[in-house]
Amino acid sequence: MNNHRIYMDNCVTTPVAPEVLEVMKPYFLEKFWFPGTFISTGEETNAAIAQFKEIIAKALNASPEEIHFTSGGTLANNIALKGLIGANANKGRHIIVSLVDYPDLLTNAAYFEKQGFEVSYLEPDSEGWISADKLKEAIRPDTILFMSTVVNHVVGTIQPMADYKKVIETADHKIFWHLDAGQAFGKMHLDVQDLGVDTLSVSAHKIHGPQGIGALFVKKGTKLSQLIHGVTRVDQLQTGGISIALIAGFAKAVEMTFSDLDANISYLRELSNYLLEKLESTIPDIELNGPRGDKRVCHNINVSISYIEGESITMMLDLNGVTVATGSACASQGLKPNYVLMAMGKNHIQSHGSMKFTLSRYNTKEEIDYTVEKLAEITSTLRERSPLYQAIHNKER
Amino acid sequence: MQYSQTVLDHFMHPHNVGKLDNADAEATEGSPACGDQVTMFLKVNPETKVIEDIKFLSYGCASNIATASIITDLAKGKTLDEAKQITWQQAMEELGGLPPIKVHCAVLAVDTLQSAISNYEIAHGLKEVPNFGKDTIIEELKKIIYPKVGEDIINLKMVKYVGYNDGEVIIDLNMMSFDQWRDNIAEEIREHLSKYPEVKNIQINFPDS
């Protein structure tokens with residue numbers, strides 16, 4: 001266990017699968033051509049891209065022409081959101097998002113507000129869940145866009161997509177719906193036909209594909225105003241060059257994840273249940289953030305460890321070869337407690353002591369055993385140093 | 001910027017950690033809300049005024065724990081007057097520097113030491129409880145670090161005006177709305193000043209709000 005790093009921050013990014021790297025190689029060295037017509041090199045790339053698109057479309061139950069490649073999930077979100085708003089600004093000035101959505105959506109919402117749009121921010125319950133009733137209440141005659149995140153990136157809460165669909169479909173007028181599915185893709189079944197969304201973003205590097213490539217689903221007939229202007233090489237929405245090798249790697253990662261999605265999901269579910277059980281039975285004064293069971297995505301466990309601070313915990317785990325994340329203000333670039341936990345009604349101490357474990361198919365129960373063992377030692381060391389713990393402990397004595 | 005090896009050593013194996021039974025003085029600074037809280041305990045020789053023992057507890061990050069560890073080393077064996085000269089700049093130097101965003105944690109640790117010394121002096125009739133006034137406010141503002149550069153806001157001339165009258169504090173800060181640290185600084189000022197019972201209201205003004 002000493003020689004290899006245990007990585008449990010897979011909601012941020014994941015290692016590329018060796019098979020993915022292999023598939024990518026020839027597209028860097030030999031078959032690096034952009035699409036083209038009438039010449040064999042360009043035609044070969046056309047055919048390859050069509051095949052890769054087919055694979056990604058199939059994973060989402062979309063048709064290939066509805067899939068657009070982008071240089072990552074954030075670009076996909078920006079192309080969709082600014083494109084939808086640009087094309088529909090004359091129809092209304094109101095947008096709906098929630099307080100716990102992915103930063104891509106919230107920073108776009110703030111940008112739209114500066115542009116003069118009005119934004120309603122839906123509040124989550126104590127488990128980070130946003131009911132469809134709240135969406136219904138927020139809708140106004142001038143609402144043009146609802147943006148949401150399928151799976152919360154901090155606490156793993158799965159939002160009620162089917163209920164949202166009913167609300168959107170029964171509204172008096174057309175409301176465009178964009179979904180960020182970055183955390184959900186490869187962790188649950190996503191069917192764009194069932195979901196009923198207009199646009200949806202996914203990313204390769206969350207499922208052991210390469211960094212720097214993502215895809216945007218745009219429902220047939222949906223108009224987006226152009227965000228990126230330039231020469232069309234690979235895709236008309238993100239003009240300019242997009243790496244064919246990355247697209248090939250993305251398709252391979254999708255193929256590997258979706259060849260037996262149910263088995264992948266159940267392995268991750270089993271691992272995260274095991275992790276939670278171990279944490280709760282080993283470390284006293286620990287609480288789960290977010291829902292328990294099926295309302296939570298299969299690879300996320302987020303807990304608050306009372307009386308101690310998260311940066312100290314993550315640094316000590318790091319020195320023991322384990323990578324995890326914390327919601328502590330001390331460890332954030334802006335010195336602010338985690339906004340998702342705070343919106344859920346957690347206090348500063350719960351946020352500072354929060355630890356997020358996000359697992360991948362490469363994690364094992366042995367790694368979990370080692371991690372929890374180290375975490376238990378670290379917790380006890382830091383609690384010995386903590387005035388908050390000592391105050392409670394002394395009272396009890 | 002990363003933590004230095006000295007910071008990591010003191011963080012992993014801090015000196016003088018724990019509670020001191022029968023301490024002659026103690027102080028707690030910071031709060032869980034701001035992410036860091038430090039308690040320090042002093043054992044002082046009543047004749048020589050030498051700090052014979054010192055211990056700390058920390059609810060905080062690595063830089064906070066490391067700074068508390070190193071300044072308790074520095075203070076141990078010194079007289080109260082000597083220990084009063086310990087600054088956060090000195091602590092940082094001993095630690096081989098800190099990332100600018102982490103300097104405030106070092107300030108908190110040194111501040112706790114100074115408060116414990118002050119509490120000892122007040123309890124033993126060595127000094128009067130200081131009157132609260134504009135000078136107290138300025139001293140507190142010197143403990144507030146602008147995270148982008150790791151220096152205090154007085155030194156950086158970010159404070160344009162300080163006024164105090166009958167519980168009312170007015171502070172004009174030279175920080176624009178696009179400054180990502182503006183809310184943090186304002187929050188920290190409120191936190192530092194609201195611990196004084198004399199303060200009834202704090203008004204912080206910016207050029208563009």
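**View 1. Contacts and overall form of chain B.** Among contacts in chain B between residues at least 6 apart in sequence, 63% link residues at least 24 apart. Please keep in mind, as you look around, that this is a predicted model. Chain B holds 7 helices and 8 strands. Its radius of gyration is 17 Å, close to the 17 Å that the globule rule gives for 209 residues, so chain B is as compact as a globular protein of that length. Taken along the principal axes, the box filled by the C-alpha atoms of chain B is roughly 50 × 45 × 25 Å. Of the 209 residues in this chain, 54% count as buried. The accessible surface of chain B is about 9,600 Å², and 48% of that belongs to carbon and sulfur atoms.

**View 2. An antiparallel sheet in chain B.** Here 3 strands of chain B make an open sheet in the order 1-2-3, with antiparallel pairing. Strand 1 (25–31) and strand 3 (51–59) of chain B are the edge strands, and each pairs on one side only. From one strand to the next, the twist averages 10°. A good place to begin is the pair formed by strand 1 and strand 2 (residues 36–44) of chain B, which are joined in the antiparallel sense by 7 bridges. Within this pair, look for Ser31(B), which stands opposite Asp36(B) of strand 2. Now find helix 5 (residues 103–123) of chain B: it lies across strand 1, strand 2 and strand 3, and runs at about 35° to strand 2 of chain B.

**View 3. A mixed sheet in chain B and two of its helices.** In this view, 3 strands of chain B form an open sheet in the order 6-7-8, and the pairing is mixed. Strand 6 (159–165) and strand 8 (201–205) of chain B stand at the edges with a single partner strand each, so one side of each has no neighbour in the sheet. The twist here averages 10° from one strand to the next. Strand 7 (residues 168–173) and strand 8 of chain B run parallel and share 5 bridges. One residue pair to pick out is Asp172(B) with its bridge partner in strand 8, Asn205(B). Helix 6 (residues 134–141) of chain B lies across strand 6 and strand 7, at about 140° to strand 6 of chain B. Helix 7 (residues 182–194) of chain B also packs on the sheet, where it touches strand 7 and strand 8, and its direction makes about 155° with that of strand 8 of chain B.

**View 4. Strand 6 of chain A and its neighbours.** We now move to chain A, where strand 6 (residues 176–180) is mostly covered, with 5 of its 5 residues buried. In a regular strand, side chains alternate between the two faces of the sheet. Phe176(A), His178(A) and Asp180(A) point one way from strand 6 of chain A, while Trp177(A) and Leu179(A) point the other way. Strand 5 (residues 143–149) of chain A runs parallel to strand 6 and is joined to it by 5 bridges. Met147(A) has His178(A) of strand 6 as its bridge partner. Together with helix 6 (residues 161–169) of chain A, strand 5 and strand 6 make a right-handed β-α-β unit. Strand 6 of chain A also pairs with strand 7 (residues 199–203) of chain A, in the parallel sense and over 3 bridges. In this second pairing, Leu179(A) stands opposite Leu200(A) of strand 7.

Terms used. Residues are numbered from 1 along each chain as its sequence is written. Chains are lettered from A and ligands numbered from 1 in the order in which they are written. This is a predicted model: local features need pLDDT of at least 70, side-chain atom pairs count only at pLDDT 80 or more; totals for chains, interfaces and linings use all residues. Side-chain values use heavy atoms; hydrogens and water are left out. Two strands pair if DSSP finds at least two bridges between them. Helices (H or I, at least four residues) and strands (E, at least two) are DSSP runs, numbered from the N terminus. Axes are lines fitted to C-alpha atoms, for helices over the stretch in contact, and angles run from 0 to 180 degrees between N-to-C directions. Contact means heavy atoms within 4.5 Å. Buried means under 20% relative accessible area, exposed over 50%, partly exposed in between (1.4 Å probe, protein chains only). A crossover is right-handed if, with the strands pointing away from the viewer, the path from the first strand over the helix to the second runs clockwise. The radius of gyration is taken over C-alpha atoms; the globule rule is 2.2 Å times the number of residues to the power 0.38. Accessible areas come from the Shrake-Rupley method with a 1.4 Å probe; for residues, only the protein chains shown count as cover.
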